[in-house]
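Visitor: I am new to reading protein models. Could you take me slowly through one part of this one?

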Amino acid sequence: MYWGGDAEETQVIPPVPADPGPHPGAPGRYPDRGRPPAPGRHAGPGRPSAPDRSADPAADRPREAGRPGGPLFRDEQPEPAPPGVTETVVLRAIADDVPSTPGHGVPPHPGAPVHPAPPQSHRAAGQPPFVPSSHPGQETPVAAQPAPQPEPRKQRGGRNLQAAIGVGVGLGAVIVASLFVVKALFLFVVMAAVAVGSWELTTRLAERKQIKAPLVPLVVGGVAMVACGYWAGVQWAAASLALTGLAVMVWRMAQPPENYLRDITAGVFTAFYVPFLATFVAMMLAADDGPQRIVLFLIVTICSDTGAYAVGYKFGRTKLAPTISPGKTREGLAGGIGLSMLAGALLMQLIIDGGSWWQGLILGGCAAVTATLGDLGESMIKRDLGIKDMGTLLPGHGGIMDRLDSLLPTAPVVWLLLAAFVGS
């Protein structure tokens, strides 16, 4: 019976008869099973018949102290209540964490009747459902469980979009101010990005692969490469790269020889990947229309990423490189190339002296391809290291290297095409 959501249930259980003792014709623990009910007694479904004490020679045998009998007792139990005294069992309502599974209602032993929960039509309005029980009157109400709340939808790629936009606007303001106020200030921005990027890459290599590339010669040599590219040209930048590799080899000799080849290889790779590729940005800046060339270079690369994201998100179906970057699609690559070519044609015609729109189409298409390859290359590095981002310096973007991944490989291509089309 049910009186309310938090009400208790009370069941009166009559005294249990004493154990009649073993029966010679029915071996086992329940000697009274399998015999016909005694006259005047009713054997209901699942209820064993009362033993025929007149026919049982052990009926008058004294019961063992401390061991009550009967089919309801299977192990040692305390002394039963004296005759004429009823026992009261209080059953509390089942809490919300009791699931209503298909296993409810199964009889605990063969022959026990199953009493299903009252039907919906027999319940009063507003009463919760019942958990079925194998004993009459013990159906227990179950409180209604709240509906599951939908999980909040995450941003694509797990990025904080607002933080990413804010950081991007801030970086753009710094770049524009340094380019068009004092051109040489942008050179220090490039040097700072090179130093931080080299630190991020060598730190991740040491953390994930125990590769200890010397950081000091990499930072010093990287700054020297950028400065030489701006003031002396590509020959001096290449010479700085060679000297940086030699400095890495000598610096590593101060440590034990174990893993020497592995560490200097990582150091030479870092010197080429971060500062040497960034040197071509400094060489674009050194031209008379250097700020305009930098703007062209940055916009066509950003348009490549933006077009690939927008088109891939809306129409992307065919994976470009599922084992490297599952989010990239061929449709997205086509969208990135198209938007980059459009931006290149407009900017080449409008802001580059002696430039033509068809040259911008070629430059934009090549920049989009190299930007995508650079993004995939860094994805390979991060998958090999088992990390998602190279750092946490830029909220919503990751680290400096996560922003330079597409810019670094694009810089030499744009510098070369501009030198071929309009001169250096």
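Guide: Here is a close look at a pair of helices, followed by some aromatic rings. The model is predicted, so local features need pLDDT of at least 70 and side-chain atom pairs count only at pLDDT 80 or more, while totals for chains, interfaces and linings use all residues. Residues are numbered from 1 along each chain as its sequence is written, and side-chain values use heavy atoms, with hydrogens and water left out.

Let's start with helix α2 (residues 184–209) and helix α3 (residues 215–231), which pack at an angle of about 150° with their axes 9 Å apart. Helices here are DSSP runs (H or I, at least four residues), numbered from the N terminus. The axes are lines fitted to C-alpha atoms over the stretch in contact, and angles run from 0 to 180 degrees between N-to-C directions. That angle makes α2 roughly antiparallel to α3 (the term is for angles over 145 degrees).

Which residues of α2 and α3 meet? From α2 come Leu187, Val190, Met191, Val194, Ala195, Ser198, Trp199 and Thr202. On the α3 side they meet Leu215, Leu218, Val219, Gly222, Val223, Val226, Ala227, Tyr230 and Trp231. Contact means heavy atoms within 4.5 Å. The residues of this contact divide into 14 nonpolar, 3 polar and no charged. Ala, Val, Leu, Ile, Met, Phe, Trp, Tyr, Cys and Pro count as nonpolar, Asp, Glu, Lys and Arg as charged, and the others, Gly among them, as polar.

Now for the aromatic rings: the whole structure holds 7 aromatic pairs. Rings of Phe, Tyr and Trp (its six-membered ring) pair if their centres lie within 6.5 Å; planes under 30 degrees apart count as stacked, over 60 as edge-to-face and the rest as tilted. Tyrosine 230 and tryptophan 231 have ring centres 5.1 Å apart and planes at 85°, so this pair is edge-to-face. Tyrosine 230 counts as buried at 15% relative accessibility, whereas tryptophan 231 is exposed, with a relative accessible area of 60%. Buried means under 20% relative accessible area, exposed over 50%, and partly exposed in between (1.4 Å probe, protein chains only).

Tryptophan 358 and phenylalanine 421 are edge-to-face too, because their ring centres are 5.9 Å apart and their planes at 65°. Tryptophan 358 lies in helix α8 (residues 357–385) and phenylalanine 421 in helix α10 (residues 407–422), so the pair ties together parts that are 63 residues apart in sequence. Tryptophan 358 is partly exposed at 42% relative accessibility, and phenylalanine 421 is partly exposed at 23%.

Terms used. Helices (H or I, at least four residues) and strands (E, at least two) are DSSP runs, numbered from the N terminus. Angles under 35 degrees count as roughly parallel, over 145 as roughly antiparallel, 65 to 115 as roughly perpendicular and the rest as oblique.
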